[in-house]
Amino acid sequence: MSAPTVVAPTVPALEPSPAFLDVRDVHKNYGAVHALRGVNFRIGPGEVVGLVGHNGAGKSTLMNVLAGTVQRSSGTFNLEAVDVTAWSPDRAQDYGLRCVFQELSLCANLDLAENTRIIHRPLRGPGWRKRAGAVILQTLDEIFPNHGVPVGVRVGDLPIGVRQMVEIARAFSVTDTSVRCVILDEPTSALGHEAAEQLLAYIRSAAERGIACILITHRLDEILAVCDRVVVMVDGQIVAERDAKRLSRAALVALMGSIEAPRERTIREDEPASRGPLVVDSPGRGAGDLSIEAALGEIIGFAGLEGHGQRERLRALYSTGRKRSAHGLAPPVAYVAGDRGSEGVFALWSVADNLTIRSVKALRRRGLISSKAERRLAQAWSDRLNVKTPSIDTPILSLSGGNQQKVLFARALASDAKVIFLDDPMRGVDVGTKQEVYQLIRSEAAKGRCFVWYTTELEELTNCERLYVFREGRAAVQLMGRQIEPSRILESSFGGGSD
Amino acid sequence: MSLAHPRVVIAPWTYGFIVALAMWIATTVYSGLGSAGSTLSAALAFGAFSVTVGTGQMLVIASGPGNIDLSVPSVMALAAYVSMTIMHESNSMTAPGLLAALAVGAVAGALNFLAITALRLPPIIATLAWSFVFQSFTFNFGGEATLKPPEILSWFAVWRVGGVQAMPVAVMILTLVMMIVLRRSVFGRQLLAAGQSERAADLAGVEVGRVRLTAYMLCGTAAALTGFLLSGFTGGAALNMGDTYLMESIAVVVLGGTSVAGGQANPLGIWGAALFFNLMATMLNTFHFEAGVRFLLTGVLIILIVAIAPRARGS
């Protein structure tokens with residue numbers, strides 16, 4: 001069915017320059033699911049547009065339609081006032097439209113030069129490797145000064161934060177065609193604080209050179225800091241467009257349809273006696289490394305810059321805890337992975353199977369897993385975490401990223417685990433979901449569970465009662481109670497702390 | 001808006017059954033209605049052996065990408081030789097002989113897994129290397145001679161209860177048990193989890209190493225059991241008795257709808273594929289094709305089935 005020309009309903013009040021990209025009444029259906037329901041979106045040269053909304057609001061779908069990786073079901077697509085019918089990533093590339101995907105798109109088995117070659121056709125003939133290396137290194141230097149990324153290393157061997165930096169740099173790298181517009185989907189979620197700041201500054205300077213950017217992120221402060229215009233999506237539709245300069249964080253959250261709950265922190269530094277028995281007790285590894293302790297009922301945080309040994313320590317604590325609990329020496333443990341694609345979900349399975357795998361032993365009745373008990377557990381926790389899914393039998397991959405993450409949370413919470421390790425699990429999760437999960441973590445801790453939480457988001461750390469700030473592989477500083485505030489954490493991360 | 005065409009969707013694993021049925025009909029049409037029963041019972045009897053080996057191979061293949069057991073033929077022969085030597089054609093020694101065969105299979109599976117994890121060898125190399133070692137053991141046990149089974153074993157292999165062959169029925173029960181194990185047991189669930197993503201399984205509390213060890217040991221045991229029963233069926237253990245089962249054990253698993261990428265297994269589909277293989281051999285024999293043409297047609301048919309069968313969406 002071809003839609004007749006639709007009269008554009010709402011046009012933003014001011015249209016300063018002709019649009020680089022202008023799409024009208026775009027629909028995208030996946031079977032019965034309407035991911036986009038009549039979206040009008042335009043972006044001019046040098047404009048920075050923020051795209052915000054809950055998980056499953058259609059942000060990623062819209063981005064994929066713009067980038068050509070997903071074909072729209074209907075709607076018009078104008079590129080510099082020329083009507084485009086067939087759109088593909090290849091053509092997008094020719095027109096200087098680039099994309100930084102949330103699920104990184106680099107080839108893990110190739111090095112940086114080879115990955116750069118993939119999107120740059122002119123890099124061929126003798127010496128292409130050297131030239132490709134120079135191109136990516138130059139862009140990396142421009143965006144992330146002092147990045148220290150080794151060019152000859154396979155992408156798979158790089159930590160996720162560095163991979164993200166390379167992905168971003170590749171999108172901005174130039175050979176024959178110039179970059180006109182870059183779409184960034186959660187670009188800072190895997191970056192450390194410093195790299196995120198560098199990227200935001202670069203986006204501004206790129207905008208001054210006429211490069212348009214579409215920034216999708218759940219970090220609203222970044223949106224407000226860097227964007228000219230903010231577009232809010234709810235349920236596959238654009239519900240608001242605002243000038244970012246005249247928008248407050250609270251107003252933005254309200255537009256997304258969720259009220260940011262005032263943080264109700266319980267600072268428990270005065271009553272250490274209420275803590276349960278110690279369940280994590282790991283001596284430091286040499287000079288300057290604090291021993292890590294956590295008791296039942298506590299939420300402790302691992303802070304510091306990305307890649308300073310937090311994740312490695314978390315893994316080590318988890319595997320020690322697992323061995324000890326297997327011998328009955330310690331309570332059971334569970335782990336919530338942040339890299340859900342490769343370490344979290346079981347792609348062939350339904351929501352229910354994914355949710356219960358950690359608990360299958362406990363679900364046995366007379367030797368076999370009881371389907372009834374299994375479904376009851378899956379349904380209860382899927383409801384409790386408010387997972388947005390048609391049913392618990394839906395394949396996990398058809399859920400949005402944030403909802404997949406909720407299932408992984410549910411997997412740990414539904415289990416018998418007393419100690420739960422969180423490996424930066426809220427990457428790319430929307431504000432409303434975050435608040436729900438924070439609430440849940442606090443109430444589960446109050447019921448006597450212990451959480452050890454690694455996160456790169458400063459705000460998130462304020463949920464913790466005690467922090468270990470990591471620096472160069474060591475737990476360098478411990479912060480408690482009122483000491484936990486962003487400036488203090490940053491200071492300790494960079495080695496300025498005195499404790 | 002275009003609605004999906006209302007079309008009957010047939011699961012990939014049923015194609016084996018459908019093609020097998022077609023071949024049975026073709027054979028019967030060619031050689032007369034009287035042969036229909038004997039054609040089917042022969043296919044069921046031989047199919048039972050393919051299914052037993054294939055079920056073991058399926059567990060290994062499902063345990064993760066790259067996992068495969070190429071030592072299956074040599075384990076079959078070794079287990080058969082060891083058990084025949086122990087039984088020495090004596091009916092009363094049949095039980096110890098069976099246990100010895102199963103033990104040989106379990107140990108062989110454990111050795112395979114050990115070489116894979118301890119020496120970090122790719123499974124294809126580790127199991128191939130062990131198969132040479134097992135062959136040499138077998139050779140030392142019996143040399144070129146065929147060792148005869150005790151009477152009771154030969155009798156069991158062709159035993160019929162009220163006209164129904166007992167052994168294929170026993171193997172069907174094994175298939176049923178395996179379906180329940182995969183869906184409802186902790187081992188089955190953890191095997192499929194480990195097969196999909198080793199890292200995710202590890203972080204979800206699955207002892208990936210232990211689960212894979214079990215898969216390899218069960219595969220060895222299944223091969224050993226097949227070797228034991230096959231010597232009863234064919235009148236003795238021979239050095240090359242397992243040779244045809246190397247490719248067949250893998251082919252029936254894959255044609256049966258199990259994913260080579262791991263994490264997904266289909267025990268029922270193995271029966272369809274095994275019947276297809278055996279009925280096709282019968283059909284081509286009935287048509288008096290030469291060996292060359294038979295192999296050619298076998299290959300072409302396999303490619304056709306895999307190409308036509310709608311594939312499950314990959315991850």
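**Exercise 1. The contact between the chains**

Task: Find how many residues each chain gives to the contact between chain A and chain B, and describe the side that belongs to chain A.

Solution.
Step 1. Count each side. Chain A gives 19 residues to the contact, and chain B gives 16. Keep in mind that this is a predicted model.
Step 2. Locate the elements on the side of chain A. Strand 14 (333-336), helix 10 (340-344) and strand 16 (368-369) of chain A each supply at least two residues.
Step 3. Pick the main contributor. Helix 10 of chain A gives the most, with 3 residues.
Step 4. Sort by class. The side of chain A that touches chain B has 12 nonpolar, 5 charged and 2 polar residues.

**Exercise 2. Two chains, two folds**

Task: Describe the make-up of chain A and of chain B, and test each against the globule rule.

Solution.
Step 1. List the elements. Chain A holds 16 helices and 20 strands. Its radius of gyration is 24 Å, close to the 23 Å that the globule rule gives for 499 residues, so chain A is as compact as a globular protein of that length.
Step 2. Do the same for chain B. Here there are 13 helices and 2 strands. For 315 residues, a compact globule would have a radius of gyration near 20 Å; chain B has 20 Å, which agrees.
Step 3. Read the dimensions. Along the principal axes, the C-alpha trace of chain A spans about 70 × 50 × 45 Å. The C-alpha atoms of chain B fill a box of roughly 75 × 60 × 40 Å.
Step 4. Check burial. In chain A, 47% of the 499 residues count as buried. In chain B, buried residues make up 49% of the 315.
Step 5. Look at sequence separation. Take the contacts in chain A with a separation of 6 or more: residues 24 or more positions apart account for 68% of them. In chain B, 79% of the contacts between residues at least 6 apart join residues at least 24 apart.

**Exercise 3. Strand 7 of chain A**

Task: Decide whether strand 7 of chain A is enclosed or open, and find which strands pair with it.

Solution.
Step 1. Count buried residues. In strand 7 (residues 181-185) of chain A, 5 of the 5 residues are buried, so the strand is largely enclosed by the rest of the structure.
Step 2. Split the strand by direction. A:Cys181, A:Ile183 and A:Asp185 point one way, while A:Val182 and A:Leu184 point the other way.
Step 3. Take one neighbour. Strand 6 (residues 97-100) of chain A runs parallel to strand 7, joined by 4 bridges. A:Val100 has A:Leu184 as its bridge partner.
Step 4. Take another neighbour. Strand 8 (residues 212-216) of chain A also runs parallel to strand 7, with 5 bridges. A:Cys181 stands opposite A:Ala212.
Step 5. Follow the chain. From strand 7 of chain A it passes through helix 6 (residues 193-208) to strand 8, and this β-α-β crossover is right-handed.

**Exercise 4. Helix 13 of chain A**

Task: Compare the expected span of helix 13 of chain A with the distance between its ends.

Solution.
Step 1. Work out the expectation. At 1.5 Å a residue, the 13 residues of helix 13 (residues 401-413) should span 18 Å.
Step 2. Compare. The end C-alpha atoms are 19 Å apart, which agrees.
Step 3. Add burial. Helix 13 of chain A is mostly covered, with 13 of its 13 residues buried.

**Exercise 5. A:Val280**

Task: Is A:Val280 buried or exposed?

Solution.
Step 1. Place the residue. A:Val280 lies in strand 11 (residues 278-282) of chain A.
Step 2. Count neighbours. A:Val280 has 22 C-beta neighbours inside 10 Å, so it counts as buried.
Step 3. Name some contacts. A:Val280 touches residues including A:Ile292, A:Leu317 and A:Val452.

Conventions:
Residues numbered from 1 in each chain as written. Chains lettered and ligands numbered in written order. Predicted model: local features only at pLDDT ≥ 70, side-chain atom pairs only at ≥ 80, totals over all residues. Rg over C-alpha atoms; globule rule 2.2 N^0.38 Å. Buried ≥ 20, exposed ≤ 12 C-beta atoms within 10 Å, placed from the backbone. Contact = placed C-beta atoms within 7 Å. Expected span 1.5 Å × (residues − 1). Nonpolar A, V, L, I, M, F, W, Y, C, P; charged D, E, K, R; others polar. Pairing = 2+ DSSP bridges. Right-handed = clockwise from strand over helix to strand, strands pointing away. Lists of a residue's contacts leave out its neighbours within four places in sequence.
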